[in-house]
Amino acid sequence: MAELTEKVMDFFSSARINERTLMEVLSEFLAVEMGGQKLYEKALGLVSDPEVRTKFREFHRQTIKHQKVLTDVIHRLGGNTRVQSPTAKVATEKAQALLRSMDRNGLSKDQAELNAIENIVLAETKDHANWELIGKIARQATEDRLREILGAAASEVEHEEDEHLNWTRKKLGELQMQALVKGADAEKKPDHPNAKSLTRKSSTKRTASRAKSRTKGPSKGRSRGRAAR
């Protein structure tokens, strides 16, 4: 989440929050969490790496918990979670697009796994930014009620969101490197791209030369010698 120095500076800043806009933003953040749940469920059907599967199950459970935390925040602030803000509808569409891109679509098993993890990184990047903003609002809001409600929610979720993004991003990089190295020894080629063809041409020339020498008649010198005798 936010760096310590940034957090300290936030406490020395203040902002009067437009609560109507805040409720629209929280609706969007809830839609992101709901989309994240579906992405984890889809990804778990595609990934085979044991460590990734274990972590994704954990992150999936935590994502459902984060939905409940946000739902409670919205209710406590007088909002209705059944009504989606315009930005929440866009967030839902984005999640659906990511889900569609996780269909195999001609990808190999390994490629489909990497694509699924990459989509989780994309979703968690947005989710991480959302909770970072919630924490910032809690530190800067002039309204005590917002400070209390949002601050408690951020404190409960922040460290988990940090792990979701940082772990998944790092693991994606590791698996991408493994995919690049995999089978590299089997694909080793001669130093010169035309080495094999050049060798074949040289061998063909030598064979043709030997065949030609066998079919040539006796030399002129030998013929004169026989005639003199």
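Reader: What pattern does the protein chain follow along the sequence?
Author: The pattern is α-α-α-α-α-α-α-α. The protein chain has 8 helices and 0 strands. Helices (H or I, at least four residues) and strands (E, at least two) are DSSP runs, numbered from the N terminus. This is a predicted model, where local features need pLDDT of at least 70 and side-chain atom pairs count only at pLDDT 80 or more, while totals for chains, interfaces and linings use all residues. Residues are numbered from 1 along each chain as its sequence is written, and side-chain values use heavy atoms, with hydrogens and water left out.

Reader: How many residues are there, and what share of them counts as buried?
Author: There are 229 residues in the protein chain, and 36% of them count as buried. Buried means under 20% relative accessible area, exposed means over 50%, and partly exposed is in between (1.4 Å probe, protein chains only).

Reader: Salt bridges next. How many does the structure hold?
Author: It holds 10. A salt bridge is a side-chain nitrogen of Lys or Arg within 4 Å of a carboxyl oxygen of Asp or Glu. One of them joins E19 and R145, whose closest N and O atoms are 2.9 Å apart. E19 lies in helix α2 and R145 in helix α6, so this pair ties together parts that are 126 residues apart in sequence.

Reader: Are E19 and R145 buried or exposed?
Author: Partly exposed: E19 has 28% relative accessibility, and R145 has a relative accessible area of 38%.

Reader: What does D103 pair with?
Author: The side chain of D103 meets that of K42 in a salt bridge, at 2.8 Å from N to O. D103 is in the loop between α4 and α5 and K42 is in helix α2, so parts 61 residues apart in sequence are tied together.

Reader: And how far apart in sequence are E58 and K55?
Author: They are 3 residues apart in helix α3 (residues 50–76), which means a separation of about one helical turn. Their salt bridge has its closest N and O atoms 3.7 Å apart. E58 is partly exposed at 23% relative accessibility, whereas K55 is buried at 18%.

Reader: Which residues are linked in a network of salt bridges?
Author: E51, K171 and E174.

Reader: New topic, empty space. How many cavities of 30 Å³ or more does a search find?
Author: The search of the whole structure finds 1. On a 1 Å grid over the protein atoms alone, a cavity is a set of points where a 1.4 Å probe fits but cannot get out, and a pocket is an open set with protein on both sides within 12 Å along at least five of seven lines; lining residues have an atom within 4 Å of a point. The largest cavity holds about 50 Å³ of space. Its lining is V32, G36, L39, Y40, I120, A123, E124 and D127. The elements giving two or more residues to that lining are α2 and α5.

Reader: How much space lies in the largest pocket?
Author: About 200 Å³. Of the 15 residues lining the largest pocket, V32, A91, K94, A95 and K126 are the closest to its centre. At least two lining residues come from each of α2 (19–44), α4 (86–100) and α5 (109–140).

Reader: Where is N105?
Author: N105 is in the loop between α4 and α5. Its phi is near 45°, a positive value in a residue other than glycine. N105 is exposed, with a relative accessible area of 61%.

Key: Points joined across faces, edges and corners; volume = space filled by probe spheres on them.
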